[in-house]
Amino acid sequence: MAKRDQFEQHFQRKREVEERHKKLLPKGDEPPLPAPVEAIRNESSGPGRNDPCPCGSGKKFKQCCAKKAKKK
């Protein structure tokens with residue numbers, strides 16, 4: 001009998017969580033949620049740290065030419 005009570009309690013908690021989430025959603029007469037924000041993208045022309053190195057070595061840029069550029 002105790003297992004049945006635990007089972008009921010588990011699903012009762014799940015129902016309560018779902019009800020709380022539904023209360024947060026906009027109703028039919030409320031304005032819709034704002035559109036998701038676009039991620040900020042860097043429009044730089046150079047390679048990123050984890051991009052393949054443009055020299056053709058097959059290494060990542062940070063392991064190849066980035067070190068050379070820092071030394072200069």
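Author: Before we start, a helix here is a DSSP run of H or I at least four residues long, and helices are numbered from the N terminus. Keep in mind that this is a predicted model.

Reader: Okay, which helix does Lys22 lie in?
Author: Look for the run that covers residues 2–24. Lys22 falls inside that run, so by the DSSP rule its helix is α1.

Reader: Is Lys22 buried or exposed?
Author: To count as exposed, a residue needs over 50% relative accessible area. Lys22 has 58% relative accessibility, so it counts as exposed.

Reader: How far apart are the C-alpha atoms of Lys22 and Gln9?
Author: Along the chain, Lys22 and Gln9 are 13 residues apart. In space, their C-alpha atoms are separated by 20 Å.

Reader: What is the radius of gyration of the protein?
Author: The protein has two helices and zero strands. For 72 residues the globule rule gives 11 Å, and the protein is well over that, so it is more spread out than a compact globule. Its C-alpha atoms fill a box of roughly 70 × 45 × 20 Å along the principal axes. The radius of gyration itself is 27 Å.

Reader: How much of the protein counts as buried?
Author: Buried means under 20% relative accessible area. Cys53 makes the cut at 7%, and Cys64 does too at 10%. Of the 72 residues, the share that counts as buried is 7%.

Reader: Which residues make up the largest nonpolar core?
Author: This core has five residues in all. One of them, Phe61, is in contact with Cys53 and Ala66, among others beyond its neighbours within four places in sequence. The full set is Cys53, Phe61, Cys64, Cys65 and Ala66.

Reader: And how many disulfides are there?
Author: A disulfide needs two cysteine sulfur atoms within 2.5 Å. The closest cysteine sulfur to that of Cys53 is in Cys65, 3.3 Å away, so that's too far for a bond. For Cys64 the closest is in Cys55, at 3.6 Å, which is also too far. The count of disulfides comes to zero.

Methods. Residues are numbered from 1 along each chain as its sequence is written. This is a predicted model: local features need pLDDT of at least 70, side-chain atom pairs count only at pLDDT 80 or more; totals for chains, interfaces and linings use all residues. Side-chain values use heavy atoms; hydrogens and water are left out. A nonpolar core is a set of buried Ala, Val, Leu, Ile, Met, Phe, Trp, Tyr and Cys residues joined through side-chain atoms within 4.5 Å. Buried means under 20% relative accessible area, exposed over 50%, partly exposed in between (1.4 Å probe, protein chains only). Contact means heavy atoms within 4.5 Å. The radius of gyration is taken over C-alpha atoms; the globule rule is 2.2 Å times the number of residues to the power 0.38.
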